[in-house]
Amino acid sequence: MSVPPVTSSAPTPQSRILGCLLGGALGDSLGYAVEFDPIDTIRARFGAEGLTSFGQLDGGSHFSDDTQMTLYTVDGLLEALEWANDGVAADETACLWLAYLRWLATQGVETPSSAPVPQPRWIDGHEVLRHRRSPGNACLSGLSGGEMGTVARPVNPDSKGCGTVMRSAPFGLIPHIGEAAVYKLSAGAASLTHGHPSARQSAAAFSVLIHRIMAGAEVRDAAQHALEVVENLPDADPDLVKRLRRALELTARELPAGAALSPEELVGQLGEGWVAEEALAVGLYAVLATDAGGQDPAAHFRKAVALALNHSGDSDSTASIAGNILGARYGEEALPADWLAELEAPELIRGMGERLIAVTLG
């Protein structure tokens, strides 16, 4: 499948990087306000349409562990890239492991004496990252044992929680590396905490999808390609294949516009998003189901995030994924200005994005 060339009207790579990180944080923050609420509770609190704007929240909302770990993913990649730019080969997965161990320390979790003690970096000085925002059990336990998990020697071998997918957009943001490298980096990083094949394949498929969008592909084409990548794996996880296929089928171009599933139908078809393949499918579905073609990108962003979070499930992770996708697709300029004004610690998120830009694009 060919990737369309980036036209002069397309967002710049710099804008896509910042859009992806900020967009994911916006979806995460809005979804975090209702993460553990069933849809009936959400409707009772916010009305029949559910939560659709920060203006409905009294006092705003925080971003969750999803954004925290996404930023630490960026920082792990930054360290590896900084070593490379200095002419020193570094183990990228080990750099990511050290970054995640630094995130673990912000959560107040100690590691055994056998675990390495990472050197502090710029990101670690931000107090906002030292709050516990419902971190996933597998992320905590997978890192706190002191052993570096790998694809061949996994920790939490039966865990396929969405804690891998929600942090994996940054792998797709690195320019000038091939798709195979993106997949390998993402799968290896997922294996640091989760051992189930779906956990690493879902994370890697999401990274490949973002990578494809960064190259100029439309979201549907990028998603179809990511599905094909997974289908061709010798150990392709059947649940992941099933969910991705279904998300594409439910948003086929020949369906009438505006025929989005109800929140009840959404979880019935794609799941609640607590596990990796469901979170990816719900976030992707929300983006494709609200793409009316020719609409204002900011309006598309609002609709997609609202659809992604209003259900009885892991609302912050599914909305974060949708925000990552649309931020990469449209760029920073398309993000709703009133939502950005409510975002927690935007200078930190933007700062991490600018550091990634400086190291990769100059």
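Reader: Which backbone nitrogen does a side-chain oxygen of aspartate 91 reach at the start of α4?
Author: In this predicted model, the helix α4 covers residues 92-106. At its start, a side-chain oxygen of aspartate 91 comes to within 3.0 Å of a backbone nitrogen, and that nitrogen belongs to threonine 93.

Reader: How many residues of α4 are buried?
Author: A residue counts as buried when its relative accessible area is under 20%. Among the residues of α4 that meet this condition are Thr93, Cys95, Trp97 and Tyr100, together with Arg102 and Thr106. The helix is largely enclosed by the rest of the structure, because the buried residues number eleven of the 15.

Reader: Which helices are included in what covers the buried residues of α4?
Author: The buried residues of α4 include Leu96, Ala99, Leu101, Trp103 and Leu104. What covers the buried residues includes three helices, namely α3 (65-85), α5 (137-144) and α6 (179-190).

Reader: Is leucine 361 buried, partly exposed or exposed?
Author: Leucine 361 is found in the segment that follows α15 (346-360). Buried means under 20% relative accessible area and exposed means over 50%. The relative accessibility of leucine 361 is 28%, and therefore this residue counts as partly exposed.

Reader: Which residues is leucine 361 in contact with, leaving aside its neighbours within four places in sequence?
Author: Contact here requires heavy atoms within 4.5 Å. For comparison of sequence with space, leucine 361 and tryptophan 83 are 278 residues apart along the chain, with 16 Å from C-alpha to C-alpha. Once the neighbours within four places are set aside, the residues in contact with leucine 361 are Pro13, Gln14, Ile17, Pro175 and His176.

Notes: Residues are numbered from 1 along each chain as its sequence is written. This is a predicted model: local features need pLDDT of at least 70, side-chain atom pairs count only at pLDDT 80 or more; totals for chains, interfaces and linings use all residues. Side-chain values use heavy atoms; hydrogens and water are left out. Helices (H or I, at least four residues) and strands (E, at least two) are DSSP runs, numbered from the N terminus. The expected span of a helix is 1.5 Å times one less than its number of residues. Buried means under 20% relative accessible area, exposed over 50%, partly exposed in between (1.4 Å probe, protein chains only). A polar contact is a pair of N or O atoms within 3.5 Å; within protein, one must be able to donate a hydrogen and the other to accept it, and residues adjacent in sequence count only if both atoms are side-chain atoms.
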